[in-house]
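Me: I would like to go through this structure by asking for the reasoning behind each label, with the value set against its cut-off.

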Amino acid sequence: MSGVLFKKELKSNFLLFVIFVGVLLMYAATIIYMFDPEMADSLRQMTDSMPELFAAFGMATVGENLLEFVSNYLYGMIFLAFPAVHLVILGKRLVAGYVDDGSMAYLLATPKKRARIAWTQGAVMLVTCVLTVAVVAAAMAFLAEGLFPGELDMEGFLRVNVCWLGVLVFFGGICFLCSCIFNQSRHAVGCSAAVVVYAILLQMLSQVGESLEKLRYLTPLTLFDIDGLVAGTAAAWFGCVIFYAAGAACMAAGVVCFNRKNLPL
């Protein structure tokens with residue numbers, strides 16, 4: 001890795017990070033503040049009035065405790081869609097953006113090899129995923145403990161966030177790979193966005209009703225088993241491992257592609 005380039009990328013993309021993490025924190029604070037066992041019946045009535053809509057966004061059930069409540073209302077869709085948009089934009093900036101505007105020629109003119117530059121950009125993507133989960137999870141735990149002392153199952157909450165990080169690493173790996181494959185920013189964004197939208201859209205459709213339930217086998221997000229993670233099942237952990245492995249494989253493939261391809265410099 002190049003320490004100078006790594007620091008420069010973190011600084012350049014810090015505002016983007018703050019904006020998207022700020023949005024996640026806003027939603028997280030709102031949902032945690034809404035938790036009230038006495039309002040469970042009202043929320044269930046609201047869900048029953050539009051079951052398909054709530055199910056599409058992963059909010060089919062209210063949950064019996066604080067962990068189930070925030071897991072259903074946040075991790076089912078909000079914590080997937082917003083970080084995905086962030087990673088698509090970041091992925092484009094890290095590699096394809098430099099090639100597209102000609103700046104990559106200046107990076108390659110330094111003594112650093114292509115692979116070193118690519119690994120540095122991949123590390124920026126990975127650190128961004130880690131920081132997103134760490135900041136949001138820490139803020140949620142602090143707020144939940146302040147508003148509802150002892151209500152949040154911290155072990156289950158940690159399991160959910162470990163797998164959430166795996167999902168972000170997977171999305172980040174896809175975005176990084178697309179950025180390394182294509183020389184134009186629009187192509188990199190189009191490819192990575194298509195994969196992410198495909199995964200999220202099929203996940204939404206598979207939750208609407210029994211007629212579309214089989215679509216769950218066509219999206220990797222089925223492996224993000226929130227209920228299983230809350231319960232600590234082995235199958236849920238297996239899906240989590242797949243996300244990490246697939247994300248790492250995509251990042252490694254991106255480095256190889258960038259190292260071998262012809263650049264229009």
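Me: Why is I242 called partly exposed in this predicted model?

Reply: The relative accessibility of I242 is 32%, and since partly exposed covers what lies between under 20% for buried and over 50% for exposed, I242 is therefore counted as partly exposed. This residue belongs to helix 12, which spans residues 234–260, and its C-alpha atom is separated by 9.3 Å from that of P220, 22 residues apart along the chain.

Me: What makes L212 partly exposed, and where is L212 found?

Reply: L212 has a relative accessible area of 32%, and because that value lies between the 20% and 50% limits, L212 is classed as partly exposed. L212 is found in the loop between helix 10 (185–206) and helix 11 (226–231), and it takes part, with V197, L201, L205 and V208, in a nonpolar surface patch of about 350 Å².

Me: How do you know that helix 2 and helix 6 are roughly antiparallel rather than roughly parallel?

Reply: The axes of helix 2 (residues 14–34) and helix 6 (residues 78–101) come within 10 Å and cross at roughly 180°; angles over 145 degrees count as roughly antiparallel, and therefore the two helices are described in that way. On the side of helix 2 the contact is made by L16, F17, F20, V23, L24, Y27 and A28, while helix 6 contributes I78, F79, F82, P83, V85, H86, I89, L90 and R93.

Me: Why is the pairing of E9 with K8 called a salt bridge?

Reply: The closest N and O atoms of E9 and K8 are 3.9 Å apart, and because a salt bridge requires a side-chain nitrogen of Lys or Arg within 4 Å of a carboxyl oxygen of Asp or Glu, the pair meets the criterion. Side chains of opposite charge can pair when their charged atoms come close. The structure holds 1 salt bridge.

Me: Are the two partners, E9 and K8, buried or exposed, or partly exposed, and how do you know?

Reply: E9 has a relative accessibility of 2%, and because buried means under 20%, E9 counts as buried. K8, in contrast, stands at 37%, between the limits of 20% and 50%, so K8 counts as partly exposed.

Me: What is E9 in contact with, apart from its neighbours within four places in sequence?

Reply: With those neighbours left aside, E9, which is placed in helix 1 (residues 3–12), is in contact with L94, Y98, Q121 and V124.

Me: What makes S192 a buried residue?

Reply: The relative accessible area of S192 is 1%, and because the label buried applies under 20%, S192 is called buried. S192 lies in helix 10 and, leaving aside its neighbours within four places in sequence, is in contact with V88, C175 and C178. From C-alpha to C-alpha, S192 and F171 are 8.4 Å apart in space, and they are 21 residues apart in sequence.

Me: What is the secondary structure of the protein, and how much of the protein is buried?

Reply: The secondary structure comes to 12 helices and 0 strands, and buried residues make up 47% of the 265 residues. Among contacts with a separation of 6 or more, 77% are between residues 24 or more positions apart. The accessible surface comes to about 12,800 Å², of which 67% belongs to carbon and sulfur atoms.

Methods: Residues numbered from 1 in each chain as written. Predicted model: local features only at pLDDT ≥ 70, side-chain atom pairs only at ≥ 80, totals over all residues. Heavy atoms only, no water. Helix = DSSP H or I, 4+ residues; strand = E, 2+ residues; numbered from the N terminus. Buried < 20%, exposed > 50% of the residue type's maximum accessible area, 1.4 Å probe, protein only. Patch = residues over 30% accessible without salt bridge, like charges linked within 9 Å, V, L, I, M, F, W, Y side chains within 5 Å. Areas by Shrake-Rupley, 256 points an atom, 1.4 Å probe, with all protein chains shown as cover. Axes fitted to C-alpha atoms, helices over the stretch in contact; angles between N-to-C directions. Parallel < 35°, antiparallel > 145°, perpendicular 65-115°, else oblique. Contact = heavy atoms within 4.5 Å.
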